[in-house]
Amino acid sequence: MALFKTTPSFDFLGKRKSFMLASAVVVLLSVVLLMFPGPRYGIDFAGGTDVLIRVDPGVEIGELRDAAHDMGFTDAVVQRFGAGEGEFLLQTRQTSIMTDEERAQATAAIRAAFGEEANVEFPDASGDRFFVYLPLTAYDLDGVDDVDDFLDPMVLADQAAAIASRIQNALQSAGMPETATAAFGSAAERRFQVRVQGLQSTFQAGLTSALGERFLRIDRIETVGPRVGSQLRNDGIKSVLFALIGILLYIGLRFDLRFAPGAVAALVHDVLITLGILILLGEEINLTMVAAFLTIVGYSLNDTIVNFDRIRENLQSVGGKPKDLVELANRSLNECFSRTMLTSMTTFIAVFCIFIIGGDSVQSFALALMIGVVVGTYSSLFIATPIFLLTSEFLEERAAAREQLAAAIAQQGPQAS
């Protein structure tokens, strides 16, 4: 199947400098957007809580948003989830219902009961839990002749229930009645986990109060701490960078050095422009988007390799030294243009269908791919090949300079003798 009956003769490279300049401006704008206002990171990267809820189909988004605000989650974002009716995803940056003041009160209560050596930790990813580390002085030493015997985990474990009860009483005196305390880990660590009224309980009670019987259930709740989110974000960036480095090495080995810079520059161009457009549209950048970027890199690379392979074939047909490299590259692009457009159009149509009927859960992914397909097709024609020409010109000039230098040295040799 061909898009054209005969090979077209478009002058793709005639205005290559103009296209490259325009792309450089757009890439620069994307970099500026990346710094200000910056990406709107999702829960995966910024930390927070996702709550998947199911309600009566007649419930509107506004009602859920108002209910979340009444519960104290003023930053809550509510959106429809999936293709079914009555499914919503509620997102908030909060990972715990405890305020800084409540954390301070809990710490003070624990230290008042067990001494200043008691340590209270509130890990980022703990959500509705925190941990209490107690010194040996918190335990009952009466009847123990040798402290070394007291360090026996079995002895510590025997007192764990009593210690947990004392922690519970201390927190109740500080105004935190809805907690559950239990030993955590090995007895030798002297660590206790305190679970406060969790986010799930808070949402369950708040939505039931606001919607009554129209609130059906909470299907899933996921919490990601800021520290974990930062690590995921860094890992996502590394995955894209490693993919680009691997592609640079592959192209350099699969073809030659002249082709590699153009391929990698086109991929960086595609990722940055797609990212810039997504920032302008206010889309969340999360792990799903990282998957979309890696997919775009693979798609764009495939298109570029097809064009480069045709250029290499045509170079081999003329012994590697064409009279006009620009004309040869332009002819190669025209020979592949029908295949390029058919592939891009069919891919775009498939992704567009996912965007329309796939629901909110995959809509952002599909949007990123739609942008990537368009930008990737453009870059394979107007970025990768022009940079290949620049690289070839640079290497040819260096080779010519080396030959002139070698000739000059050879000429000076007989004269010197």
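Is C353 buried, partly exposed or exposed? C353 comes out as partly exposed, with a relative accessible area of 39%. What you're looking at is a predicted model, so every value here is computed from it. Below is a quick tour: the cysteines, then helix α1 and its end, then a couple of buried residues, and finally the salt bridges.

**Cysteines**

- How many disulfides does the structure hold? The count is 0.
- C336 is buried, at a relative accessible area of 3%, whereas C353 is partly exposed at 39%.

**Helix α1 and what follows it**

- Helix α1 covers residues 16-35, and both S23 and L34 sit in it.
- S23 counts as buried because its relative accessibility is 5%, and buried means under 20%.
- Leaving aside residues up to four places away in sequence, S23 touches H269, Y378 and I383.
- S23 and D270 are 247 residues apart along the chain, yet their C-alpha atoms are separated by 9.9 Å.
- L34 is another story: at 33% relative accessibility, this leucine counts as partly exposed.
- L34 also helps make a nonpolar surface patch of about 550 Å², together with L28, V32, M35 and F36.
- F36, one of the patch residues, is joined to P37 by a cis peptide bond, with omega at about 5°.
- P37 itself is found in the loop between α1 and β1 (40-41).

**T49, a buried residue in strand β2**

- Strand β2 runs over residues 48-55, and T49 is part of it.
- How much relative accessible area does T49 have? The figure is 0%, so T49 is buried.
- A polar atom of the T49 side chain lies 2.6 Å from the backbone oxygen of Q94.
- Q94 also turns up in the contact list of T49, next to I43, L90, Q91, T92, T95, L199, I221, E222 and T223; residues up to four places away in sequence aren't counted there.

**L369, over in helix α12**

- L369 belongs to helix α12, which spans residues 360-382.
- With 13% relative accessibility, L369 counts as buried.
- Its contacts, again skipping residues up to four places away in sequence, are A292, T295, I296 and V351.
- From L369 to F242 the C-alpha to C-alpha distance is 20 Å, and the two are 127 residues apart in sequence.

**An unusual backbone angle**

- R190 isn't a glycine, but it has a positive phi of about 55°.
- Where is R190? Look in the loop between β7 (179-183) and β8 (191-196).

**Salt bridges**

- Side chains of opposite charge can pair when their charged atoms come close.
- A search of the whole structure finds 12 salt bridges, and three of them are picked out below.
- R54 and E87 form a salt bridge, with their closest N and O atoms 3.1 Å apart.
- That pair links distant parts of the chain, since R54 is in strand β2 and E87 in strand β4 (residues 87-92), 33 residues apart.
- The R54 end is partly exposed, at a relative accessible area of 21%, while E87 counts as buried at 14% relative accessibility.
- E63 and R214 form another salt bridge, and here the closest N and O atoms are 2.6 Å apart.
- E63 sits in helix α3 (residues 61-70) and R214 in the loop between α7 (199-211) and β9 (215-224), so this pair links distant parts of the chain, 151 residues apart.
- E63 is partly exposed at 29%, and R214 is partly exposed at 31%.
- E335 pairs with R310 in a salt bridge whose closest N and O atoms are 3.1 Å apart.
- This one connects helix α11 (residues 325-357), home of E335, to helix α10 (residues 287-317), home of R310, and the two residues are 25 apart in the chain.
- E335 is partly exposed, with a relative accessible area of 29%, and R310 counts as partly exposed at 27%.
- Which residues join E335 and R310 in a network of salt bridges? They are E313, E327 and R331.

Methods. Residues numbered from 1 in each chain as written. Predicted model: local features only at pLDDT ≥ 70, side-chain atom pairs only at ≥ 80, totals over all residues. Heavy atoms only, no water. Patch = residues over 30% accessible without salt bridge, like charges linked within 9 Å, V, L, I, M, F, W, Y side chains within 5 Å. Areas by Shrake-Rupley, 256 points an atom, 1.4 Å probe, with all protein chains shown as cover. Salt bridge = Lys/Arg side-chain N within 4 Å of Asp/Glu carboxyl O. Helix = DSSP H or I, 4+ residues; strand = E, 2+ residues; numbered from the N terminus. Buried < 20%, exposed > 50% of the residue type's maximum accessible area, 1.4 Å probe, protein only. Polar contact = N/O pair within 3.5 Å; in protein donor to acceptor, adjacent residues only side chain to side chain. Contact = heavy atoms within 4.5 Å. Disulfide = S-S within 2.5 Å.
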